[in-house]
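Me: Please take one position in this structure and look at it closely, then work outward to the parts that surround the rest of the fold. I would like one connected account, with the cut-offs stated as you go.

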Amino acid sequence: MSTDSHLSGLTGTVIHDAVVPARAPWLHHIDAGQTLRIVDLEGNQAVDFLLYAAADDAERYSAQDTVAAQGNLFLREGTTLLSNEGRPMMTIAATSVEYHDTIGGACSCRSNTLRYGHHTKAEHACVENFLEANLMEGRGKRDIVSNINFFMNVPVEPDGSLGIVDGISAPGLTVDLRAEMDVIVVVSNCPQVNNPCNGFNPTPVRMIVAA
Ligand SMILES: [Zn+2]
């Protein structure tokens, strides 16, 4: 009997189990029917997330198609992540965090210097992680499109303005994504230290794939 609480409620056999260090990228192929569980090990860690169809990576996650189809800005249990072809890529089968963001975008060295000053130029950022991971499979800048920020809290105010505020996640909370097609998942475990998206302290996350 397992005493690993991070596996609780996950059905099937674990075929991949990795800890992504703070600030690091991660890339993995996940077949249709498999489930990816992301564990926010220490809490309030933004997991920036891109998704490509394994059969043809010109098909990829589309925030606007996903938001339009469900008529809501937030990603919750039951949300289907749609591609730019309008096809289901993954479904949020379960999540112990109320909602996740898909409008806040990904941090980059350039946006950091613009927002927070030139002294942040040397800080690592999500766009650079995405580029590093995607390079292994021949993808480049033009392949970086709208992303998801799991465990990140971007509330939308009544006037439509966005906030990046303290998270609503906590240590050990999870999101389960069931693949609806063969997909390539590319993650940046967000290195941001200039706003509260990681509680000013980037921490590791755990990726578990069950088949
Ligand atoms: Zn980031």
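Reply: Apart from its neighbours within four places in sequence, Asp-166 is in contact with Asn-153 and Pro-196, where contact means heavy atoms within 4.5 Å. This is a predicted model, in which local features need pLDDT of at least 70 and side-chain atom pairs count only at pLDDT 80 or more, whereas totals for chains, interfaces and linings use all residues. Residues are numbered from 1 along each chain as its sequence is written, and side-chain values use heavy atoms, with hydrogens and water left out.

Asp-166 sits in the loop between strand S7 and strand S8 (173–179); here helices (H or I, at least four residues) and strands (E, at least two) are DSSP runs, numbered from the N terminus. Asp-166 is exposed, with a relative accessible area of 55%, given that exposed means over 50% relative accessible area, buried under 20% and partly exposed in between (1.4 Å probe, protein chains only). From C-alpha to C-alpha, Asp-166 and Asn-198 are 8.1 Å apart in space, although 32 residues separate them in sequence.

The zinc site also involves distant parts of the chain. The protein donors of the zinc ion are Cys-107 (SG), Cys-126 (SG) and Cys-190 (SG), at 2.2 to 2.3 Å from it; donors are N, O and S atoms within 2.8 Å of the metal (3.2 Å for Na, K and Ca), and since water is not among the atoms, sites may look incomplete. Along the sequence these donor residues follow the spacing C-x18-C-x63-C. Cys-126 belongs to helix H3 (residues 126–135) and Cys-190 to the loop between strand S9 (183–189) and strand S10 (205–210), so the pair ties together parts that are 64 residues apart in sequence. Both Cys-126 and Cys-190 are buried.

Helix H3 appears again around helix H2 (residues 109–116), since H3 is included in what covers the buried residues of H2. Those buried residues are Cys-109, Ser-111 and Asn-112, and seen down the axis of H2 they fall within an arc of 160 degrees, so they line one face of the helix; the arc is that of the directions from the helix axis to the C-beta atoms. On the other side of H2, Arg-110 and Leu-114 are exposed. Gly-117 follows H2 with a positive phi, near 110 degrees.

Strand S10, for its part, belongs to the sheet. Six strands form an open sheet in the order S1-S10-S3-S8-S6-S5, with antiparallel pairing; two strands pair if DSSP finds at least two bridges between them. Strand S1 (14–20) and strand S5 (80–82) stand at the edges with a single partner strand each, so one side of each is left without a neighbour in the sheet. S10 is mostly covered, with six of its six residues buried. Val-205, Met-207 and Val-209 point one way from S10, while Arg-206, Ile-208 and Ala-210 point the other way. S1 and S10 run antiparallel and are joined by six bridges, and the bridge partner of Ala-18 in S10 is Met-207. Strand S3 (residues 35–40) pairs with S10 in the antiparallel sense over five bridges, and there Leu-36 has Val-209 as its bridge partner.

Strand S7, which precedes the loop of Asp-166, takes part in one of the two aromatic pairs that the structure holds. Rings of Phe, Tyr and Trp (its six-membered ring) pair if their centres lie within 6.5 Å; planes under 30 degrees apart count as stacked, over 60 as edge-to-face and the rest as tilted. The rings of Phe-49 and Phe-150 have their centres 4.9 Å apart and their planes at 85 degrees, so the pair is edge-to-face. Phe-49 lies in strand S4 (residues 47–53) and Phe-150 in strand S7 (residues 148–150), so this pair ties together parts that are 101 residues apart in sequence. Both Phe-49 and Phe-150 are buried. For Phe-74 and Tyr-99 the ring centres are 4.5 Å apart and the planes are at 50 degrees, so the pair is tilted; both of these residues, Phe-74 and Tyr-99, are buried.
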